[in-house]
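Let's take a walk through this model together, moving from sheets and helices to the places where side chains meet. Keep the structure open beside the text as you read.

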Number of protein chains: 2
Amino acid sequence: MVFHLIGLGLATEEDITLKGLRAVQRCTKVYLEAYTSILGVPRTRLEEVFGVAIEEAPRELVESQIEPILERAKHEDVALLVVGDPFGATTHCDLLVRAKQLEVPINVVHNASIMNAVGCCGLQLYRFGETISIPFFTSTWRPDSFYDKLAANLRLGLHTLALLDIKVREPTMTSLARGRPEYLPPRFMSIRQGITQLLEIEKRRGEGVCPPEARAVGMARVGAEGQMVVTGSLVELRDVSFGAPLHSLVLIGRAGADEEELLTAFAMGAAQAPRLDANGAAAEDAATARANAAHAGERIHGDDDDDTDGAASEEGADSEAPSAEDGGGEDAKAALAEAGAKAAQGASKATDKEKLDAHNVARAQTLEGEGKKVAGGMHKFDASEVDVHGGDGTADDFLDAFGLG
Amino acid sequence: MVFHLIGLGLATEEDITLKGLRAVQRCTKVYLEAYTSILGVPRTRLEEVFGVAIEEAPRELVESQIEPILERAKHEDVALLVVGDPFGATTHCDLLVRAKQLEVPINVVHNASIMNAVGCCGLQLYRFGETISIPFFTSTWRPDSFYDKLAANLRLGLHTLALLDIKVREPTMTSLARGRPEYLPPRFMSIRQGITQLLEIEKRRGEGVCPPEARAVGMARVGAEGQMVVTGSLVELRDVSFGAPLHSLVLIGRAGADEEELLTAFAMGAAQAPRLDANGAAAEDAATARANAAHAGERIHGDDDDDTDGAASEEGADSEAPSAEDGGGEDAKAALAEAGAKAAQGASKATDKEKLDAHNVARAQTLEGEGKKVAGGMHKFDASEVDVHGGDGTADDFLDAFGLG
């Protein structure tokens, strides 16, 4: 059979492609990888819409315990769902290489990722230089290699996408030593923290690459309903309240007149954006300080020998997962065509899903009621939807909030 | 109501997202833009699967006659489908600006594009520099600005994606003068032609940026069933038979050890790839020469004042398009959930579609029978599926072949 590596796209259960959905529904086992990026909806929402049971795949499983799953894929259809495009993370590429080595047939389904969706700010994709990643600083580890890459891009007049760090299910150093991992709370770097780190390096290096007045675009929840795109100087953007993850930052190179027009149309100015109040800013800074302290001196990497308490694959049959008959390509196409027609009719047999739908409706109405329509923004958004400044949530709280619990 | 700009993704009717499909099915009028890129399936296939009538939107319509469509979107849901991601082409960004100026509500649905799908060759997306475009040379217009961009990327050790030119429905200069456009045959630049142009500029400039032995990756039909990914020197790749469009080329910078491993796993070596025979190569070169002659001295741009014989929007009701009731977000979600469950069951009421499906099955079987499984390639492919070397096809032949007729 086939190992399917399926891109889920940017934000919700509806961002999967028909090709991806068709593949998922052929599978007897479906995993969700959610530590290199996250979706904006709970895993249960995917299960409901896709009609399959989905198991969360922790980092250890994907990085070092994938072989049993690949072996299983020789006899059954198995899928790993990943946020964005499958080739966005090196770890997925490595996984495909291992599948090839084991001679497991592969099916890769592409999707949108921040690497191309960043175009929604109005800057042209073909004018971006090398992408940089800004990792969480610790008290002893404050790398600045991205400063040089940024400088090189700017010398060529190119824009730079800065991917902000994500840490989900990072084991603590002490727990690793005990051979029984305990996890740090998940952390998603905010635009505020990314900018703070950039300015710190600028201060240290002093080469004028990203001074406080450098122009940038802050982007939160790209492709989701609450998308937020704001332009301004680094120091202005640092005090904008961007709300829930994921955040990304674009450093602007030489923008052409056409790009300036698009920027004006697609992004709001920092002056119009909601600001972090003193409490929010202080809370974010405190959370950063706490997190840095927790990580002080740690450089944690995955370890093939970790004991993960049975987090690896289960070889046994999974009675929850509907065993879709492999009806062949043409049947599936006909089914999809019919599915499309059904969707158009707006049929509403919610049955089992009524409770969740009612909850969703109520939530949507509440958000709608609070929704700020901001001049200049292309999508409506509500930055107050989720507040992540406090940093006091436990790992479970965070995972629950993003459907990974 | 809403103007929907919907990315179709890379190749087939199944690359649309559920979000995109839901939006399409709310619309009373759906257009397909297919001159900045092309899909690998006929427009009729989209109509069948999406359950809506779709009208081809020629260049003039999108670039200079879009206002009536946007005005219409104030009162009805109207969609423009575009290949790849909506922000991949400047023309779509301009269109969104106009929609904003007219205060038409906008819904943008992201999807995969070559800008992120290029990662499937194994080179890491974050190691790419500025993207270059290689335009068709004419006898008098042989620009080389992309040579400098390529040089800048290579100095930083970065990879370079080269987008190869596409010309669909280009009016002839003489017909423009007559005010009644006639169109040149559609042309899609082959990897062979792109490399030939690169080598010509290298010979002229002599800076060693892209000498014949420079390493590159040739990619054809990325994301489609017949995807082809081949590594080799420029001079080796020039003689590989890559088959039907679309073609793209990647110039390799400094690849890390991990990238080399992925390249080896995901791409086949040029020595293993099918080669253009003398006839094919001669035919391609001849087609290039003819096309150059046809374009000699021409620099054709869109003109707002073109008379396009009624190609603009029709304001009247379109009786073909099913008028889907706007059932609200939650109903649509429930419907999609049900649609997913239906698809899983593999129901096969093909009815009206039987004839086309039978044709597709036969075609698939034929291709399967001829399919070359090439060592090192990640996807199966058949380069002989479509032959575009001759260049004797009429515009209609080409448009038919790619479903744009």
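In this predicted model, helix H7 (residues 145-155) of chain A lies across E6, E7 and strand E12 (247-251) of chain A. Relative to E6(A), helix H7 of chain A runs at about 145 degrees. Helix H9 (residues 191-205) of chain A also packs on the sheet, where it touches E6, E7, strand E10 (215-220) and E12 of chain A. The direction of H9(A) makes about 40 degrees with that of E12(A).

What is the order of the strands in the sheet of chain A that these helices meet? Follow E6-E7-E12-E10-E11-E13 and you have traced an open sheet of six strands, with mixed pairing. At its edges are strand E6 (132-134) and strand E13 (268-269) of chain A, each of which pairs on one side only. For E6(A), one partner to look at is strand E7 (residues 160-164) of chain A: the two run parallel and are joined by three bridges. To find your place in this part of the sheet, look for Ile132(A), which stands opposite Ala162(A) in E7(A). As a reminder, strands of a sheet pair through backbone hydrogen bonds, either parallel or antiparallel.

Now turn to another strand of chain A, E4(A). Is E4(A) mostly covered or mostly open? The strand is mostly covered, with five of its five residues buried. Val78(A), Leu80(A) and Val82(A) point one way from E4(A), while Ala79(A) and Leu81(A) point the other way, and all are buried. Strand E1 (residues 3-7) of chain A runs parallel to E4(A) and is joined to it by five bridges. Strand E2 (residues 29-33) of chain A also pairs with E4(A) in the parallel sense, over five bridges. Val78(A) makes a handy landmark here, as the bridge partner of Phe3(A) and as the residue of E4(A) that Lys29(A) stands opposite.

A helix to visit next is H2 (residues 43-50) of chain A, which is mostly covered, with six of its eight residues buried. Those buried in H2(A) are Arg43(A), Arg45(A), Leu46(A), Glu48(A), Val49(A) and Phe50(A). Just after H2(A) comes Gly51(A), with a positive phi of about 75 degrees.

Let's finish with the aromatic rings. How many aromatic pairs does the structure hold over all chains? There are two. In one of them, Phe87(A) and Phe266(B) meet edge-to-face, at 5.9 Å centre to centre and with 75 degrees between the planes. Why does this pair join two chains? Phe87(A) lies in the loop between strand E4 (78-82) and helix H5 (90-101) of chain A, whereas Phe266(B) belongs to helix H11 (residues 257-266) of chain B, so the contact links the two chains. Phe87(A) counts as buried because its relative accessibility is 2%, and Phe266(B), with a relative accessible area of 1%, is buried too.

The rings of Phe266(A) and Phe87(B) have centres 5.9 Å apart and planes at 75 degrees, so this pair is edge-to-face. The pair crosses between chains, from Phe266(A) in helix H11 (residues 257-266) of chain A to Phe87(B) in the loop between strand E4 (78-82) and helix H5 (90-101) of chain B. Both Phe266(A) and Phe87(B) are buried.

One more ring in each chain deserves a look. Arg187(A) lies over the face of Phe136(A), at 3.9 Å from the ring centre. In chain B, Arg187(B) lies over the face of Phe136(B), at 3.9 Å from the ring centre.

How values were computed: Residues are numbered from 1 along each chain as its sequence is written. Chains are lettered from A and ligands numbered from 1 in the order in which they are written. This is a predicted model: local features need pLDDT of at least 70, side-chain atom pairs count only at pLDDT 80 or more; totals for chains, interfaces and linings use all residues. Side-chain values use heavy atoms; hydrogens and water are left out. Rings of Phe, Tyr and Trp (its six-membered ring) pair if their centres lie within 6.5 Å; planes under 30 degrees apart count as stacked, over 60 as edge-to-face and the rest as tilted. Helices (H or I, at least four residues) and strands (E, at least two) are DSSP runs, numbered from the N terminus. Buried means under 20% relative accessible area, exposed over 50%, partly exposed in between (1.4 Å probe, protein chains only). A charge sits over a ring if NZ of Lys or CZ of Arg is within 6 Å of the ring centre and within 35 degrees of the ring normal. Two strands pair if DSSP finds at least two bridges between them. Contact means heavy atoms within 4.5 Å. Axes are lines fitted to C-alpha atoms, for helices over the stretch in contact, and angles run from 0 to 180 degrees between N-to-C directions.
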